[in-house]
Amino acid sequence: SYSGDDEKAVSIYTEYIDIVREKNHSDGSVALGNRANSYKKLGRTDLALADYHASLELQDCPNVRVNLATTLRQLGSVEEARGHLHAALELDPSFGHAYHELAILLAKEDLQVSLQHSMRAVELAAHEGDLILFLPQLVDSQEKLELHSEAFQSYRRMLALNPTSNNVKRWRERIVFHRRELDEKDRQRSAREHLSERDNMP
């Protein structure tokens, strides 16, 4: 089970952290960050937060900042989460995961700004796995803002990237929906242009 795997991971990281602490090495930063991730999966949020902070004390890292920010957002500490995300981007301005998390953070506060962050995250995606993670947040903002053409393209990308997803049926339905909306806009535009031409006839 996943919980069993995470419990095992916690034990392994703990052993390693104890070894490097005895030798007064600062190499434990990554292990602390990884153990924090395992604690979070196990629902032990207090221990996860403690490890994230301990990891950052040893070495500042954008990935740990984002993981900490995600945890804080889920706990409702929005402003603290925002601070860690901006700090992550100061460390690495091309870190797409920080923009993705900012997009989630701002989705209810400012949808336009959230959309810009999502677009930036997708632009900076390091690999297909990142795109699979980032695109749903982007398309969610596009749909809420009724950006049919952009949402249509995003769903097509999602389908191409992940054709065996459990969401394929829904994605296809949304592609059809946005295609219809675009066709209807084209019909309305054509009708307006036809009326305008008729009105301008001598």
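This short talk goes through three helix pairs and the largest pocket of the structure above. Before I start, please keep in mind that we are looking at a predicted model.

Let me begin with helix packing. Two packed helices are described by the angle between their axes and the distance between the axes. I will start with α4, residues 62-74, and α6, residues 96-106, whose axes lie 10 Å apart and make an angle of about 15 degrees. Angles under 35 degrees count as roughly parallel, and α4 and α6 are therefore roughly parallel to each other. The crossing of α4 over α6 is left-handed. On the α4 side the contact is made by Val66, Ala69, Thr70 and Arg73, and on the α6 side by His97, Ala98, Glu101, Ile104 and Leu105. Sorted by class, the residues of this contact are five nonpolar, two polar and two charged.

Staying with α4, I turn to its packing against helix α5, which covers residues 78-91. Here the two axes come within 8 Å and cross at roughly 165 degrees, which makes α4 roughly antiparallel to α5. This crossing, too, is left-handed. From α4, the residues Pro62, Arg65, Val66, Leu68, Ala69, Leu72 and Arg73 meet Glu80, Ala81, His84, Leu85, Ala87, Ala88 and Leu91 from α5. The contact of α4 with α5 divides into 10 nonpolar residues, one polar and three charged.

The third pair is formed by helix α7, residues 111-123, and helix α8, residues 128-144, with axes that come within 9 Å and cross at roughly 150 degrees. Since angles over 145 degrees count as roughly antiparallel, α7 and α8 are therefore roughly antiparallel to each other. Again α7 passes α8 in a left-handed crossing. In this contact α7 contributes Leu111, Ser114, Leu115, Ser118, Met119, Ala121 and Val122, while α8 contributes Leu131, Phe134, Leu135, Gln137, Leu138, Ser141, Gln142 and Lys144. By class, the contact of α7 with α8 holds nine nonpolar residues, five polar and one charged.

Now to the largest pocket, which holds about 240 Å³ of space. Which elements give two or more residues to its lining? They are α2, residues 28-41, together with α4 and α6, and α6 supplies the largest share, four residues. The full lining consists of Asn37, Lys40, Lys41, Tyr52, Val66, Asn67, Thr70, His97, His100, Glu101, Ile104 and Leu133. By class, these residues are four nonpolar, five polar and three charged.

Finally, I would like to connect the pocket with the helix pair I began with. Val66 and Thr70 of α4 take part in the contact with α6, and Val66 and Thr70 are also among the lining residues of the largest pocket. In the same way, His97, Glu101 and Ile104 of α6 belong to the contact with α4, and His97, Glu101 and Ile104 appear in the pocket lining as well.

Terms used:
Residues are numbered from 1 along each chain as its sequence is written. This is a predicted model: local features need pLDDT of at least 70, side-chain atom pairs count only at pLDDT 80 or more; totals for chains, interfaces and linings use all residues. Side-chain values use heavy atoms; hydrogens and water are left out. On a 1 Å grid over the protein atoms alone, a cavity is a set of points where a 1.4 Å probe fits but cannot get out, and a pocket is an open set with protein on both sides within 12 Å along at least five of seven lines; lining residues have an atom within 4 Å of a point. Grid points are joined across faces, edges and corners, and a volume is the space filled by probe spheres set on the points. Ala, Val, Leu, Ile, Met, Phe, Trp, Tyr, Cys and Pro count as nonpolar, Asp, Glu, Lys and Arg as charged, and the others, Gly among them, as polar. Axes are lines fitted to C-alpha atoms, for helices over the stretch in contact, and angles run from 0 to 180 degrees between N-to-C directions. Angles under 35 degrees count as roughly parallel, over 145 as roughly antiparallel, 65 to 115 as roughly perpendicular and the rest as oblique. A crossing is left-handed if the near helix is turned anticlockwise from the far one by less than a right angle, and right-handed if clockwise. Contact means heavy atoms within 4.5 Å.
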